[in-house]
Amino acid sequence: MLFLSFVDDVPNERNTIVYKLHVSCEKGSQRLTVKSGQLEWLPEGSQLTMASPAQSGDNQRTYTSFGQSQQNTSERPLGVKYNDITIARLGPGQAIELEAHAVKGVGKVHAKWSPVATAWYRMLPEVVLLKEIKNGDAEELVKRCPVNVFDIEDLGKGEKRAVVAKPRSCTLCRECVRLADDQVELRRVRDHFIFTIESTGALPPEVLFTEAVKILEEKCERVISELS
Ligand code: SF4
């Protein structure tokens with residue numbers, strides 16, 4: 001992620017990682033693809049001096065205030081996670097000179113820091129066969145379901161019947177009900193929730209879920225203690 005943004009804190013060695021990128025495409029040469037791996041870590045912080053009119057008398061200050069080098073605190077050199085992301089395509093005579101500041105923050109302050117891409121839940125579907133569906137009707141039912149919720153059970157002597165094999169896969173599309181509305185019923189298990197969490201990559205989904213539950217628990221405890 002590339003952005004220049006600071007929250008309340010002064011950007012320092014504990015909340016900001018700075019990268020620089022200086023690339024140019026010489027006149028007369030081929031177009032140049034600039035990749036994320038070309039970002040260079042600056043462990044001492046920003047090298048750009050503040051030179052806006054409001055701060056013109058203070059042009060020795062940079063955009064970060066590092067108390068010490070990040071090389072002292074980091075076990076290994078910091079870098080981007082994926083080196084092959086295309087940042088730009090430069091034409092002959094074009095150049096990029098930038099600093100990228102990766103700033104630590106939380107989603108409560110701004111959504112750009114949220115480690116969750118999307119999250120949703122649904123109740124566990126329950127597919128109930130109200131009557132026995134056999135032979136040709138059973139095969140038709142199996143074919144009708146787009147996500148293979150039903151299966152065929154062999155009863156012997158050439159007889160077979162439909163069974164509900166994978167109710168969790170049901171999307172509640174109602175195709176089976178359209179085929180046999182007096183034989184199939186769709187329900188939801190009201191105390192069983194299936195959560196789907198997509199991470200942005202900062203934290204694995206299982207960690208996101210357990211951390212969210214901890215925060216919810218803390219909030220509930222606060223409400224209980226304030227009410228009692
Ligand atoms: S509602 Fe749709 S997905 Fe669910 S069992 Fe019926 S046909 Fe399959």
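1. The ligand occupies the space that forms the largest cavity. Here a cavity is a set of points, on a 1 Å grid over the protein atoms alone, where a 1.4 Å probe fits but cannot get out. A molecule is taken to sit in a cavity if more than half of its atoms lie within 2 Å of its grid points.

2. The model is predicted, so local features need pLDDT of at least 70 and side-chain atom pairs count only at pLDDT 80 or more, while totals for chains, interfaces and linings use all residues. Residues are numbered from 1 along each chain as its sequence is written, and side-chain values use heavy atoms, with hydrogens and water left out.

3. The ligand is surrounded by 13 residues, and the closest are Cys145, Cys170, Cys173, Arg174 and Cys176; a residue is near a molecule if one of its heavy atoms lies within 4 Å of it. By class, this shell holds ten nonpolar, one polar and two charged residues. In that scheme Ala, Val, Leu, Ile, Met, Phe, Trp, Tyr, Cys and Pro are nonpolar, Asp, Glu, Lys and Arg are charged, and the others, Gly among them, are polar.

4. Two of the cysteines listed beside the ligand can be described further. Cys145 is buried, with 11% relative accessibility, and Cys176 is buried as well, at 9%. Buried means under 20% relative accessible area, exposed over 50%, and partly exposed in between, computed with a 1.4 Å probe on protein chains only. The structure contains zero disulfides, a disulfide being a pair of cysteine sulfur atoms within 2.5 Å.

5. The chain is assigned three stretches: domain 1 (16-108), domain 2 (116-120 + 192-227) and domain 3 (126-188). These bounds come from an automatic or database domain assignment. Between the C-alpha centres of domain 1 and domain 2 the distance is 33 Å.

6. Two residues deserve attention for their backbone angles. Most residues other than glycine have a negative phi. Asn135, which is not a glycine, nevertheless has a positive phi of about 50°. Asn135 belongs to helix α1 and is partly exposed, at 27% relative accessible area. Helices (H or I, at least four residues) and strands (E, at least two) are DSSP runs, numbered from the N terminus.

7. Asn148 likewise has a positive phi, near 55°. Asn148 lies in the loop between α1 (135-144) and β7 (150-156), and its relative accessible area of 45% makes the residue partly exposed. From Asn148 to Glu185 the separation is 37 residues in sequence and 16 Å in space, C-alpha to C-alpha.

8. Lys104 is placed in the loop between β5 (95-103) and β6 (116-129). At 62% relative accessibility, Lys104 is exposed. Lys104 and Leu130 are 26 residues apart in sequence, yet 55 Å apart in space, C-alpha to C-alpha.

9. Two further loop positions complete the note. Leu39, in the loop between β2 (32-35) and β3 (40-41), is buried at 13% relative accessibility; its C-alpha atom is separated by 9.8 Å from that of Val23, 16 residues apart along the chain. Ala165, in the loop between β8 (159-164) and α2 (175-179), is partly exposed at 43%. Ala165 and Asp151 are 14 residues apart in sequence and 5.7 Å apart in space, C-alpha to C-alpha.

Note on methods:
On a 1 Å grid over the protein atoms alone, a cavity is a set of points where a 1.4 Å probe fits but cannot get out, and a pocket is an open set with protein on both sides within 12 Å along at least five of seven lines; lining residues have an atom within 4 Å of a point.
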